[in-house]
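Please open the model in a viewer and keep the sequence panel at hand. The tour below proposes a series of selections and describes what is found at each.

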Amino acid sequence: MVLTAEFLAVVIFIAMFVLIVMDKIERHYVTLGCGALTLIGVFGICMRDVDGIWKVLNVKSIFTSGFWYQVTESESSGINWSTIIFIAGMMIMVEGMARVKFFDWLCLRIAKLVHFRTIPIFVTFMILSALLAMFIDSITVILFLAAVTIKLSQLLKFNPVCFIIAEVFCANLGGSATMCGDPPNIIIGTSMNYTFFDFLTNTGLIAGICLIFIVFYFYFVFRKELKQSGDVSINEEELDPSKVITDRTGFILSTLIFLIAVVLLVSHSATHLTVATIGVFVAILTIFVAGRDSMEVLKKVDYKTLWFFIGLFVVVGGLEETGILEMIAGFIEKLSGGNAYIMIAIIIWLSAVASALIDNIPFAATMVPVIARLGSGSFLNVLAWSLSIGTDIGGSATPIGASANVVGISVAEKAGHKIGWGRYCKAAVPATLLVVLVSMIVIFLRYGDAISNF
């Protein structure tokens with residue numbers, strides 16, 4: 001019966017991926033449905049393992065002290081409730097910031113600092129996109145940044161397409177720099193007990209180096225369009241950033257909550273507060289500040305994404321409990337011939353290529369237990385950083401590779417600027433190859449000792 005359970009777990013997993021890529025059914029319905037099939041078919045009918053069901057659901061972990069205040073490292077499988085609760089809390093905080101027009105104000109403030117000149121806006125918005133995505137979900141960053149870009153393009157008479165493509169890429173790159181920047185990193189961090197600072201000093205350094213290359217790359221690729229746009233003389237008073245703020249007290253308090261969240265994330269290895277605790281805390285503060293608008297803030301939270309994660313973790317839990325992930329790890333180890341450098345190259349390029357074609361969130365969730373079987377100690381850390389960079393950056397290559405890409409293209413199309421696959425990939429694919437190559441070289445150079453000693 002174990003063989004049947006393994007076969008069924010793989011079939012459900014493949015079906016889930018295919019349905020997500022086809023995009024005919026909303027993805028949270030897909031993962032929840034496949035998760036239910038995993039619990040009933042794999043654990044219930046094939047394995048008859050009630051304890052396995054409870055292990056995958058992992059509800060009891062929420063009611064342990066270590067879930068909220070963690071001094072020693074702990075391992076858990078199945079649904080990663082720390083990820084779910086943390087993302088929910090950050091979503092509430094971001095909606096609270098959006099309510100007081102924080103993002104509109106920030107974009108206009110920066111545009112005004114460079115006197116609304118096209119090329120400086122192009123460069124600063126790329127950097128802004130990367131910096132914001134380090135702390136805020138890249139979807140939200142692009143949603144507001146693209147909207148402001150469209151508005152500025154209408155006033156300054158430039159083509160916003162090249163701006164939005166560059167902003168999307170930089171948002172995904174910036175998201176790779178921190179634990180809270182991109183969902184794959186949240187999954188990797190909470191699963192392997194990494195801190196915000198762990199990511200910042202490892203993937204953050206790699207992302208920072210790559211950002212320098214990317215700014216020059218996109219300027220070179222789009223230089224003709226940027227120069228054709230020129231600079232239009234406008235009345236800067238019409239775009240006064242202070243005019244977008246309608247609730248000044250709420251604006252100040254929401255900004256303070258954001259800063260508190262950043263401080264807590266940076267210091268949580270010292271305070272031992274888990275990301276779940278931080279997520280709940282900033283959510284409570286945001287709801288309190290929103291006051292009468294708190295229900296509106298809660299209604300705008302993307303609950304579908306949270307359900308998507310829950311179903312996904314159950315399906316991956318089925319693969320883990322039936323031993324499929326061990327087989328994948330063994331295959332990668334055999335393919336690399338035990339060579340640590342080849343193993344890292346496989347992880348980073350496999351992650352990049354897979355994430356360009358399919359959603360990088362389920363791929364990251366699948367690969368975390370795989371790399372845990374491939375390495376240990378400092379070498380496991382190197383594999384984690386390789387997986388993080390590969391999944392985060394690979395998704396930038398195609399219009400469907402990451403959620404931020406879909407959102408940016410959608411905002412552009414609503415304004416009458418269609419971005420086709422050819423237009424997008426012509427600029428994004430070489431940029432992705434460049435970043436993955438640079439990242440691999442940096443990893444080989446920086447972690448040479450850990451790799452050689454494996």
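**First stop: helices H5 and H15**

The model is a predicted one. Begin by selecting helix H5, residues 81-99, together with helix H15, residues 303-321; the two pack with their axes 10 Å apart and at an angle of about 170°. An angle over 145 degrees counts as roughly antiparallel, and H5 and H15 are therefore roughly antiparallel to each other. Now display the side chains at the contact: H5 contributes Trp81, Thr83, Ile84, Ile87, Ala88 and Met91, while H15 contributes Thr305, Leu306, Phe309, Ile310 and Phe313. Coloured by class, this contact of H5 with H15 shows 9 nonpolar residues, 2 polar ones and no charged ones. An α-helix has 3.6 residues a turn, so residues three or four places apart point the same way.

**Second stop: the whole chain**

Zoom out to the complete protein. Which secondary structure elements does the protein have, and how many helices? The protein has 22 helices and 0 strands. Along the principal axes, its C-alpha atoms fill a box of roughly 75 × 50 × 45 Å. The radius of gyration is 22 Å, which agrees with the value near 22 Å expected of a compact globule with 454 residues. Colour by accessibility next: 56% of the 454 residues count as buried. If contacts are drawn between residues at least 6 apart in sequence, 78% of them join residues at least 24 apart.

**Third stop: helices H19 and H21**

Select helix H19 (residues 377-394) and helix H21 (residues 421-446), whose axes are 10 Å apart and meet at an angle of about 170°. That angle makes H19 roughly antiparallel to H21. On the H19 side, the contact is made by Val382, Ser386, Ile389, Ile393 and Gly394; on the H21 side, by Thr432, Val435, Val436, Ser439 and Ile443. The residues of the contact between H19 and H21 comprise 6 nonpolar and 4 polar, with no charged residue.

Remain on H19 and pick Gly377, which lies in this helix. Is Gly377 buried or exposed? With a relative accessibility of 52%, Gly377 counts as exposed. Add Ala450 to the selection: Gly377 and Ala450 are 73 residues apart in sequence, and their C-alpha atoms are 8.9 Å apart in space.

**Fourth stop: helix H2 and its kink**

Move to helix H2, residues 27-46, and centre the view on Thr38, where the helix has a kink of about 25°. Thr38 is one of the buried residues of H2. Others to highlight as buried in H2 include His28, Val30, Thr31, Cys34 and Gly35, as well as Leu39, Gly41, Val42, Phe43 and Cys46. Following H2 is Arg48, which has a positive phi near 50°.

**Fifth stop: helix H10**

Select helix H10, residues 183-192. Of its 10 residues, 9 are buried, so H10 is largely enclosed by the rest of the structure. Its buried residues are Pro183, Pro184, Asn185, Ile186, Ile187, Ile188, Gly189, Thr190 and Met192. H10 is followed by Asn193, which has a positive phi near 60°.

**Sixth stop: Thr366 in helix H18**

Pick Thr366, located in helix H18, residues 360-374. Thr366 has a relative accessibility of 6% and counts as buried. Which residues does Thr366 contact, leaving aside its neighbours within four places in sequence? Thr366 is in contact with Phe13, Val316, Leu319 and Leu325.

**Last stop: two loop residues with positive phi**

Most residues other than glycine have a negative phi. Go to Lys101, which is not a glycine yet has a positive phi of about 65°. Lys101 sits in the loop between H5 and helix H6 (102-113). Its relative accessibility is 36%, and Lys101 accordingly counts as partly exposed.

Then select His272, in the loop between helix H12 (248-271) and helix H13 (275-290). His272 is not a glycine either, and its phi is positive, about 70°. With a relative accessible area of 25%, His272 is partly exposed. Finally, set a distance monitor between the C-alpha atoms of His272 and Ile79: these residues are 193 apart in sequence and 22 Å apart in space.

How values were computed: Residues numbered from 1 in each chain as written. Predicted model: local features only at pLDDT ≥ 70, side-chain atom pairs only at ≥ 80, totals over all residues. Heavy atoms only, no water. Axes fitted to C-alpha atoms, helices over the stretch in contact; angles between N-to-C directions. Helix = DSSP H or I, 4+ residues; strand = E, 2+ residues; numbered from the N terminus. Parallel < 35°, antiparallel > 145°, perpendicular 65-115°, else oblique. Contact = heavy atoms within 4.5 Å. Nonpolar A, V, L, I, M, F, W, Y, C, P; charged D, E, K, R; others polar. Buried < 20%, exposed > 50% of the residue type's maximum accessible area, 1.4 Å probe, protein only. Bend = angle between axes of the 7 residues up to and from the residue. Rg over C-alpha atoms; globule rule 2.2 N^0.38 Å.
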